[in-house]
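Here are some notes to read alongside the model. Keep the viewer open and look up each residue as it comes up.

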Amino acid sequence: MPRRLATTYAGRIAAATPSPSGPSLTVTVLPTPPPTPLDTRGYSLPRRHLICAVARILRSPASPTPLLDLNDYLRSHRLTLTSAEASEVMKALAPDTSLALGFFRFAATSLPGFRHDAFSYNRILVLLFRNRADPAEAMRLVAEMERDGVPGNISTVNLLVGMGMEVGMCLELAKKWGLRLNGYTYKCLVQAHLRSREVWKGFEMYEKMRRKGYKLDIFTYNMLLDALAKAGMVDQVYQVFEDMKQNNCDPDAYTYTILIRMSGKAGKTTKFVSFLEEMVSKGCVLNLIAYNTVIEALGKNKMVDKAIFMLSKMIESDCQPNQFTYSIMLDVLSTGRQLHRLNEILDICIGHLNRSVYSYLVKALCKSGHASEAHSVFCRMWSSHEKGDRDAFVSMLEALCNAEKTAEAIDLLHMMPEKGITTDVGMYNMIFSALGKLKQVSFMSSLYDKMKANGVVPDVFTYNIMISSFGRVGLVDKASELFEEMEDGSCKPDVITYNSMINFLGKNGDLDEAHMLFKDMQEKGYDPDVFTYSILIECFGKSNKVDMACSLFDEMIAQGCVPNIVTYNILLDCLERRGKTTEAHKFYETLKQQGLTPDSITYSILERLESRSQRTVRIRKPSRNTGWVISPV
């Protein structure tokens, strides 16, 4: 009689050994895998031990091919995964998105009978979303869902909207999958429009959401209010704000900050003051952004006293001002023409003033042209800190030079080491330039000697500034000394140096010396530029050597150096002064052919040519496109 109950074993042949009585088989017995546990509703429960084992294999640093190892493991144990378990594995692999995505593809193609569902797709989308993956990857996943006939759920739509997929496409998918949009979906859609700067569409989506009875959270309300305010949609801002209060969503400090900023920019003083009072009465704690916004609004409406009062309240509440706060206060005082109250501001903020703040104030005041106020702040910094701020010192030095206070600039330069600031060649060049512009060359030599004594090596800019300055006041010998010093030293002259020397030598009557320097320049491999040629042409022209000037012009063209309108004006002037009217007219025709537009100097020369000419010449200005025209009457 056969047994009615028996244990069934499964196995695979491990070896076969021949023998006289027949082959002997060695069988490896595999236990039948236990059935997948189910919950009370009949859904498969994830096997935690299996999820942990799979995640451990995939994360193993010792294996170069973790997916192949996983495949072997599952095959050897005759195991497969459910979609819920695959979702849990992907969660365990976070934040390694590439590994999770690799496992996602592996499960779909290598596990027998496996099929992804909306939840496993949502899991991989969540990982991609958190790691700010390219939306194109999400598009590929959606295409796979469509191909395999896997309908998404409302969470899928929400994730796709959040990842930046086009809103219209997301709505089409929701319609195709037969989904009903919920409040969270509408919130995502509003945010998506606002992130894309489609403020009006965002407001329309909000209106649609409101009609369906859904509400926003405080974050999205503030996001919508901010976007509407920046777009100038004031009426809509007030409408959303009232909706917000009616829906029992209490405005926070950021909400009131948005409203105060908008009202302040619009000049609605009463409105933003009422918002400020409401904000305080609601118990909202003002943060740095709120204080800055209120102070800025007060300043724009020229309420200087209230702005200073709000700054004092900010300090009393232990809210530390930042650079933007000081920038606002400078604008408030400057707009209200009350910069004399700057020390009052500094006294209020005395506990928060450091070298960085002083440096910013000095630089900002110098940049805006308030040199005396910058000097006042600088003096406070000098007395308050043992070490100075390099940027502040440089800004102050520049302000003194721009204000033509060269003596004070030199004194400041010499005092910098007292505050731990090392002087450099750029600082000296700044003062040399200011001295040169004011023709105060008597201070240059002593400052130059002091510079070298302090171990600061002059550069080519130093020499160029000094050579140019000495040449302008006629001290050509002094300029020549510096030029020779450059040639003998490590800092060699450049084209600008040669141009300065040629200019001063030529205008001083040493035309031969200037021409020799020009030749020397070419021999040493320097390419003369348009300024070099223009200088020499002018010098030869004024010495009545017009032929030499014309020869230089031809050489200039041959060397590929393109003349500008200044060069043409110089040569035209030379020809006119020598009475070479015909040549001057031909030369003018060449100027027009080159596409250059004559300027007022050209016109003045042409008028002189007219008075010399035996025939009547009419000179007129046509449109700016055609330039000047000379035509016989």
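1. Let's begin with one helix, and bear in mind that this is a predicted model. Helix H25 covers residues 460-472, so to speak its 13 residues, and reaches 18 Å from its first C-alpha to its last. That is close to the 18 Å expected at 1.5 Å a residue.

2. How much of H25 is covered? Mostly covered is the answer: 10 of its 13 residues are buried. The buried residues are Val-460, Thr-462, Tyr-463, Asn-464, Met-466, Ile-467, Ser-468, Ser-469, Phe-470 and Gly-471. The cover includes helix H23 (425-437) and helix H24 (442-453), along with helix H26 (476-488) and helix H27 (495-507).

3. Now look at the two ends of H25. At the N-terminal end, Asp-459 acts as a cap, with a side-chain oxygen 3.1 Å from the backbone nitrogen of Phe-461. After the helix comes Gly-474, and its phi is positive, near 85°.

4. Next, scroll along to helix H31, residues 565-577. H31 has 13 residues, and 18 Å separates its first C-alpha from its last, close to the 18 Å expected at 1.5 Å a residue. H31 is mostly covered too, with 11 of its 13 residues buried. Among them are Ile-565, Tyr-568, Leu-571, Leu-572 and Cys-574, and the buried set also includes Asn-569, Asp-573 and Glu-576.

5. The ends of H31 deserve a look as well. At its start, Asn-564 has a side-chain oxygen that reaches to within 3.1 Å of the backbone nitrogen of Val-566. Just after H31 you'll find Gly-579, which takes a positive phi of about 80°.

6. Glycine isn't needed for a positive phi here. Lys-302 is not a glycine, yet its phi is positive, about 60°. You'll find Lys-302 in the loop between helix H15 (288-300) and helix H16 (304-316). Is Lys-302 buried or exposed? Its relative accessibility is 61%, so Lys-302 counts as exposed.

7. Asp-318 belongs in this part of the note too. It has a positive phi of about 60° and is not a glycine. Asp-318 sits in the loop between H16 and helix H17 (323-335). Asp-318 counts as exposed because its relative accessibility is 63%.

8. Here's a backbone detail that is easy to miss. The peptide bond from Ala-94 to Pro-95 is cis, and its omega is near 5°. To find Pro-95, go to the loop between helix H3 (83-93) and helix H4 (97-110).

9. Let's turn to a buried side chain that you might like to click on. Phe-203 is in helix H10, residues 199-211. Why does Phe-203 count as buried? Because its relative accessibility is 6%, and the cut-off for buried is under 20%. Leaving aside residues up to four places away in sequence, Phe-203 touches Leu-228, Gln-236, Gln-239 and Val-240. Leu-225 is 22 residues from Phe-203 along the chain, and their C-alpha atoms are separated by 9.7 Å.

10. Gln-191 makes a good companion to that point. Its place is in helix H9, residues 183-195. Gln-191 counts as buried because its relative accessibility is 11%. If you skip residues up to four places away in sequence, the contacts of Gln-191 are Phe-219, Thr-220 and Met-223.

11. Now zoom out to the whole chain. It has 33 helices and four strands. The radius of gyration is 42 Å, whereas a compact globule of 633 residues would have one near 26 Å. Along the principal axes, the C-alpha atoms fill a box of roughly 140 × 85 × 70 Å.

12. Some totals go with that overall view. Of the 633 residues, 45% count as buried. The accessible surface is about 34,200 Å², and carbon and sulfur atoms account for 52% of it. Among contacts with a separation of 6 or more, 59% come from residues 24 or more positions apart.

13. Last, a point about annotation. An unreviewed UniProt entry gives residues 352-450 the annotation "domain: Pentatricopeptide repeat-containing protein-mitochondrial". In the model, this stretch is 73% helix and 0% strand, and its end C-alpha atoms are 38 Å apart.

Key:
Residues numbered from 1 in each chain as written. Heavy atoms only, no water. Helix = DSSP H or I, 4+ residues; strand = E, 2+ residues; numbered from the N terminus. Expected span 1.5 Å × (residues − 1). Buried < 20%, exposed > 50% of the residue type's maximum accessible area, 1.4 Å probe, protein only. Polar contact = N/O pair within 3.5 Å; in protein donor to acceptor, adjacent residues only side chain to side chain. Contact = heavy atoms within 4.5 Å. UniProt positions renumbered as here; feature names shortened; annotations may be inferred. Rg over C-alpha atoms; globule rule 2.2 N^0.38 Å. Areas by Shrake-Rupley, 256 points an atom, 1.4 Å probe, with all protein chains shown as cover.
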